[in-house]
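Dear colleague,

I am passing the structure on to you below, together with an account of what turned up in it. Please read the text with the coordinates open beside it.

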Amino acid sequence: MTDIVVLPPVARKEPTPTHLHGQTLEDDYRWMRQKESPEVIAYLQAENAYTAASLAGTEELQAKLYKEMLSHIKETDESVPYPDHGWFYWSRTMEGSQYPVYCRRKGVTVAASGVTRFDPVQPEEVLLNVNALAEGQPYMAVGGMSVSPDGRLMAYSTDNTGFRQYTLRFKDLTTGTDLLETVERSGSFAWSADSKTVFYTTEDEVTKRHNHLYRHTVGEATSSDALIFDEPDERFNLGVGKTRDGKYFLMEAGSHTTSECRFLSTAEPLGEFRLIAARVDDQEYSVDHREGIFYIRTNDSGKNFRVVTVSVEAPERKNWQELIPENTDAPLEDFDVFHSFCVSSRRELGLPTLTVTQFGEAARLGESRTINFPEPVYSAGAHANREFETTSYRYSYQSLVSPASVYEYNIQTGDSTLLKEQEVPGGFDRKLYASERVWVDAADGVRIPVSVVYRKDLFKQDKSNPLYVYGYGSYGYPLPVGFSAARLSLLDRGLVLVYAHIRGGGELGDPWHDAGKMMVKWNTFTDFTTVVEQLVEKGYGAVDRVAIEGGSAGGLLMGAAVNAKPELFRVVLSHVPFVDVMNTMLDASLPLTIAEYEEWGNPNEPEAFAYMKSYSPYDNLKAGAYPAMLVKTSLNDSQVMYWEPAKYVAKLRTLKTNDTALLLHINMDAGHGGASGRYDYLKEIAFDYAFLLRELGVV
């Protein structure tokens, strides 16, 4: 009996060239953009069937991986309750349930101190059971939740397709029922002080840009809501929120490089928003308030940001007074203002730091203390600090080997108290694992930070271990180095896991981002291949057992790196990859395109066209040998449309000359982030890992 050979789908070619700047972009698969076409759906389903057939024989491994990963998750669990206006809020997960349940209890005020404490005796109220919302839905995500100041109403938004198209609803918490009014295509939202008015943003139907701000009165039809602001610049999105003390609404218009903010008293929702400082190209600022003073974090005088203050009465830029100068060695990522203290969040050598400073008189700064962290590689940041008048500050901490924890920092004593560390069942022992921070030298002499984690008893720095390298490197986003229970399944099989903090990310502030975008984007790709080459040379992995992974803009990284040096890699996992750079960035009707000109460039300009074309993965595929690849996407992705990876795989199939696996998997019911349920998402990871381990020979 002979084995049945399963052949991949063959996509038909329909040449649709684009002529611009004296050049031609060839595209044989533009027809795949017709999402409602039966031919397109049939083709995508055929790709899924081929992928399933190609992974036949891994079902037992997938089940084993899923069982392992699930064993390390405490399925029934609760988050740390946090205080907010006399209540304590938290979420709960239950074994067998895909989604969280959001709850609250009334706090009890201690007479002697006036501090509100959590009291488990108080009755629990369920604010939102996402499992109930998800019944009968293939996908469910909560966009936001906000309880009114009087605690009686809640605004919340949900998406049931994965297209990140949210519906805003209002719930009466005294009865547990939703009100009749809803808002489609909603974004951010914020309550007035009297709990009767909500400001909210909505998105454009075509480009999904949040360009309108409306005012809604609870109980009235949303069709009569007043349009407060219309943002005409297609680079900018609108957002609305409030200062931590709840006294002012903040309406921010922001692009990738520029921002502008207006404010309005939450006690006067019928008033007019007032401008703080007009937008200036390549200048950003964010605002908070304390005792009649705006505290503003801004990069108006330097890329690493400073803090200025100005009175609410005269907030114009000419009146700004410097409070904290720019630190050229430590970019200021965030600045949190409370009644008696403030917290500066910076990055030093790519790692986060938290400095707590008490306020003195007249908005002057007093004593400062820095919160210290014990490991060479970690993530840390603010955690659910909703109260303005408080004597404590909560922060989260985790690392590649330490599970996520929440601490409460006492402002007076400087002591940190552990409130909770995430329990990792299933025999996890952190002493078995080690992490390192390694520095790699790029060809131009720039030093690239790299985070490494491995199981100590399985690691031999002799070029024998399978090596897995993850990268992103775009939008100034710092690649997080947190704990992952699922990752233990790779570490326990001897893989060395690497996170490359390449240029284009935000680990070293805006200058690091600027050094890997626009007309120097190639730095991102060469940084990544250099990291792989040097770590292999240093003995962290075997030259013929290198796996790489990236998603979205990290999928662009995968495509560009493979096109540049395919011989470096044995396996590639590419999630929702941005690989059809030219066709996407030439189509201004698509979501994100115009706003993204500030990240990639505008290909309608000849110089930008030539540079972007030089790295666009789809346009640079050529005949040759390629590593094994699993490319994943979702039909309802609104950020990287499904047709980009579909076209990429179809074209690559006609060019690759070796017999390595080339698989495309489409989630027909999800969006950019994949499956929404936690068990479904875990199965997706098991699917990926089974492919990875099979191709690396680790089974």
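**Lys647 and its surroundings**

Lys647 lies in helix 11, which covers residues 643–653; please bear in mind throughout that this is a predicted model. With a relative accessibility of 1%, Lys647 counts as buried, because that value falls under the 20% cut-off. The side chain of Lys647 is joined to that of Asp580 by a polar contact of 2.6 Å. Once the neighbours within four places in sequence are set aside, the residues in contact with Lys647 are Asp27, Tyr29, Arg30, Met32, Asp580, Asn583 and Tyr618. Tyr618, which appears in that list, also takes part in an arrangement with another lysine, since the charged end of Lys651 sits over the ring of Tyr618 at 4.7 Å from its centre. A comparable entry for an arginine is that of Arg12, whose charged end sits over the ring of Trp31, 4.5 Å from the ring centre.

**Ser614 and helix 10**

Ser614 belongs to helix 10, residues 606–615, and with a relative accessible area of 32% Ser614 is partly exposed. Leaving aside the neighbours within four places in sequence, Ser614 is in contact with Trp522 and Asn620, and with Trp522 there is a polar contact between the two side chains, at 2.9 Å. For a sense of scale across the chain, the C-alpha atom of Ser614 is separated by 44 Å from that of Phe199, a residue 415 positions away in sequence.

Which residues of helix 10 are buried? They are Ala608, Phe609, Tyr611, Met612 and Tyr615. These buried residues pack against two strands, strand 1 (18–20) and strand 2 (23–25), and against four helices, namely helix 6 (522–537), helix 7 (553–564), helix 8 (581–585) and helix 9 (597–600).

**Aromatic pairs**

The structure holds 33 aromatic pairs. In one of them, the rings of Tyr472 and Tyr477 have centres 5.6 Å apart and planes at 80°, so the pair is edge-to-face. The two partners differ in how they are covered: Tyr472 is buried, with a relative accessible area of 14%, whereas Tyr477, at 41%, is partly exposed. Another edge-to-face pair is formed by Tyr642 and Trp643, with 5.4 Å from centre to centre and 80° between the planes, and in this case both Tyr642 and Trp643 are buried. There is also an aromatic cluster, made up of Phe373, Tyr378, Tyr395, Tyr397 and Tyr407.

**Strands and sheets**

An open sheet of four strands has the order 25-26-27-28, and its pairing is antiparallel. Strand 25 (332–337) and strand 28 (365–371) stand at the edges with a single partner strand each, so one side of each has no neighbour in the sheet. On average, and with direction ignored, neighbouring strands of this sheet are turned by 20° against each other. Within the sheet, strand 26 (residues 341–348) and strand 27 (residues 351–359) run antiparallel and are joined by eight bridges; Phe341 has Gln358 in strand 27 as its bridge partner.

Elsewhere, strand 6 (residues 101–106) pairs in the antiparallel sense with strand 5 (residues 87–93) over six bridges, and Tyr89 finds its bridge partner in strand 6 at Arg104. Strand 6 is also joined to strand 9 (residues 125–129), by four bridges and again in an antiparallel run, where Tyr102 has Leu128 of strand 9 as its bridge partner.

One further strand residue may interest you. Asn211 lies in strand 15, residues 210–217, and is buried, with a relative accessible area of 7%. Not counting residues up to four places away in sequence, Asn211 touches Thr202, Glu203, Asp204, Phe229, Asp230, Glu231 and Leu238.

With kind regards

Technical notes. Residues numbered from 1 in each chain as written. Predicted model: local features only at pLDDT ≥ 70, side-chain atom pairs only at ≥ 80, totals over all residues. Heavy atoms only, no water. Pairing = 2+ DSSP bridges. Axes fitted to C-alpha atoms, helices over the stretch in contact; angles between N-to-C directions. Phe/Tyr/Trp six-rings, centres within 6.5 Å; stacked < 30°, edge-to-face > 60°. Buried < 20%, exposed > 50% of the residue type's maximum accessible area, 1.4 Å probe, protein only. Lys NZ or Arg CZ within 6 Å of the ring centre and 35° of its normal. Contact = heavy atoms within 4.5 Å. Polar contact = N/O pair within 3.5 Å; in protein donor to acceptor, adjacent residues only side chain to side chain.
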